[in-house]
Amino acid sequence: MAEKLAPEKRHAFVHNGQKVFEWDQTLEEVNMYIELPKGVPTKLFRCTIQAGHIEVAIRGNPPYLNVRASHHSSPL
């Protein structure tokens with residue numbers, strides 16, 4: 001049933017004219033799609049998702065996405 005509720009396209013989160021990530025969701029889950037900058041190995045990528053908070057960073061640098069979710073989510 002969730003497949004029928006999935007959007008037809010991804011949504012983009014853009015900051016200062018640059019796409020930070022894309023996302024889509026159903027009633028049951030949210031998917032985030034993040035393209036790393038060229039030359040950044042995946043082992044340096046750090047993403048922390050908690051109820052009410054998302055942080056994305058390249059290790060050794062301050063987070064480039066550090067937001068509090070507007071609606072509190074709870075685990076199923």
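In strand 2, glutamine 18 is the bridge partner of histidine 15. Strands here are DSSP runs of E of at least two residues, numbered from the N terminus, and two strands are taken to pair if DSSP finds at least two bridges between them. The structure is a predicted model, in which local features need pLDDT of at least 70 and side-chain atom pairs count only at pLDDT 80 or more, whereas totals for chains, interfaces and linings use all residues. Residues are numbered from 1 along each chain as its sequence is written, and side-chain values use heavy atoms, with hydrogens and water left out.

The pairing of strand 1 (residues 11-15) with strand 2 (residues 18-25) is antiparallel and comprises five bridges. Two residues lie between the strands of this hairpin, in which asparagine 16 adopts a positive phi near 50°. Strand 2 also pairs with strand 3 (residues 30-33), again in the antiparallel sense, over four bridges. Within strand 3, asparagine 31 is the residue opposite aspartate 24. The connection from strand 2 to strand 3 is a hairpin of four residues.

A further set of pairings involves strands 4, 5 and 6. These three strands form an open sheet in the order 4-5-6, with antiparallel pairing. Strand 4 and strand 6 are the edge strands, each pairing on one side only. Neighbouring strands of this sheet are turned against each other by 5° on average, direction ignored; the axes are lines fitted to C-alpha atoms, and angles run from 0 to 180 degrees between N-to-C directions.

Six bridges connect strand 4 (residues 45-50) with strand 5 (residues 53-58) in the antiparallel sense. Among the facing residues, arginine 46 has alanine 57 of strand 5 as its bridge partner, and cysteine 47 stands opposite valine 56 in strand 5. In a regular strand, side chains alternate between the two faces of the sheet. The two strands form a hairpin with two residues between them, and glycine 52 in the turn has a positive phi of about 85°.

On the other side of strand 5, the partner is strand 6 (residues 65-68), to which strand 5 is joined by four bridges in an antiparallel arrangement. Histidine 53 is placed opposite arginine 68 of strand 6. The hairpin formed by strand 5 and strand 6 has six residues between the strands, and its turn contains glycine 60, with a positive phi of about 90°.
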